[in-house]
Amino acid sequence: MLKILIIEDENIIRKGLVNSINWLELDSSIIGEGKNGKEGLELIRKLKPNLVITDIRMPILNGLEMLEIALNEGYEFEKIILTSYSEFDYAHQGIKMGITDYILKPIDENLLSNAIYEVKRKIKNKENTQLLNKILEKNQNIEEYSINNYLEKNEKINIFVKKTIEIIIKE
């Protein structure tokens, strides 16, 4: 299940996101919510979400500053930015941070749902890549076989690696 943290200074929008979307249908749950970047940063540190959905312009610490601090501290999570401003500078900064989507308010629930599915796809691909790397590292010491020969002799691993590579290539 996707663990989501929502950081939005406008109470009506934050509560609307929490309560108007069927998160269970998206195999997701809201694990916390904050009203500014400072609260958001504390919640990221405490709750370690898979996804942070944040507004950009907020009091105390804006959304991009919050994300940058958390990323610099080594926290890993996906990011969706919400904003009332369609300014390229914000989108550009977000792209540099690896945001999944940049959604303008008022929020279109279909766009948000699609972004959630994209986040889930990215997380699954990342997990598959990490698993593939572990398998390859574990089998790195087999000197008498090339990786291809080793995989041919181990059909289960071969099937898994082929499927994983197909998933990675589809990205």
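How many bridges join β1 to β2, and do the two strands run parallel or antiparallel? Six bridges join them, and the two strands run parallel; strands count as paired if DSSP finds at least two bridges between them.

**Before you start.** The model is a predicted one, in which local features need pLDDT of at least 70 and side-chain atom pairs count only at pLDDT 80 or more, while totals for chains, interfaces and linings use all residues. Residues are numbered from 1 along each chain as its sequence is written, and side-chain values use heavy atoms, with hydrogens and water left out.

**The whole chain.** Display the chain as a cartoon and you can follow seven helices and five strands, in the order β-α-β-α-β-α-β-α-β-α-α-α along the sequence. Helices (H or I, at least four residues) and strands (E, at least two) are DSSP runs, numbered from the N terminus. Of the 171 residues, 39% are buried, where buried means under 20% relative accessible area, exposed means over 50%, and partly exposed lies in between (1.4 Å probe, protein chains only). Among contacts (heavy atoms within 4.5 Å) between residues at least 6 apart in sequence, 63% join residues at least 24 apart.

**Strand β1 and its partners.** Select residues 2-7, which form β1, and note that five of its six residues are buried. Besides β2, this strand pairs with β3 (residues 51-55), to which four bridges join it, again in parallel. Leu5 is a useful residue to centre on, since its bridge partner in β2 is Gly32 and its bridge partner in β3 is Val52. Now add helix α1 (residues 11-20) to the selection: β1, α1 and β2 make a right-handed β-α-β unit, meaning that, with the strands pointing away from the viewer, the path from the first strand over the helix to the second runs clockwise.

**Asn36.** Move next to the loop between β2 (28-34) and α2 (37-47), where Asn36 is found. Asn36 is buried, with a relative accessible area of 6%. A polar atom of its side chain lies 3.0 Å from the backbone nitrogen of Lys38, and the side chain of Asn36 also reaches the backbone nitrogen of Glu39 at 2.8 Å; a polar contact is a pair of N or O atoms within 3.5 Å, and within protein one must be able to donate a hydrogen and the other to accept it, with residues adjacent in sequence counting only if both atoms are side-chain atoms. Leaving aside residues up to four places away in sequence, Asn36 touches Ile7, Met58, Pro59, Ile60 and Leu61.

**From Ile60 into helix α3.** Ile60 is in the loop between β3 and α3, and Ile60 is exposed, with a relative accessible area of 65%. Its phi is near 70°, a positive value in a residue other than glycine. A little further on, Asn62 caps the N-terminal end of α3, with a side-chain oxygen 2.9 Å from the backbone nitrogen of Leu64. In α3 itself (residues 63-72), select Gly63, Leu64, Met66, Leu67 and Ala70, which are buried. Seen down the axis of α3, these buried residues fall within an arc of 160°, so they line one face of the helix; the arc is that of the directions from the helix axis to the C-beta atoms. Just after α3, Gly74 takes a positive phi of about 95°.

**Two last stops.** Lys48, in the loop between α2 and β3, has a positive phi near 50°. Finally, select Lys105 and Pro106, which are joined by a cis peptide bond with omega of about 0°; Pro106 sits in the loop between β5 (101-104) and α5 (109-138).
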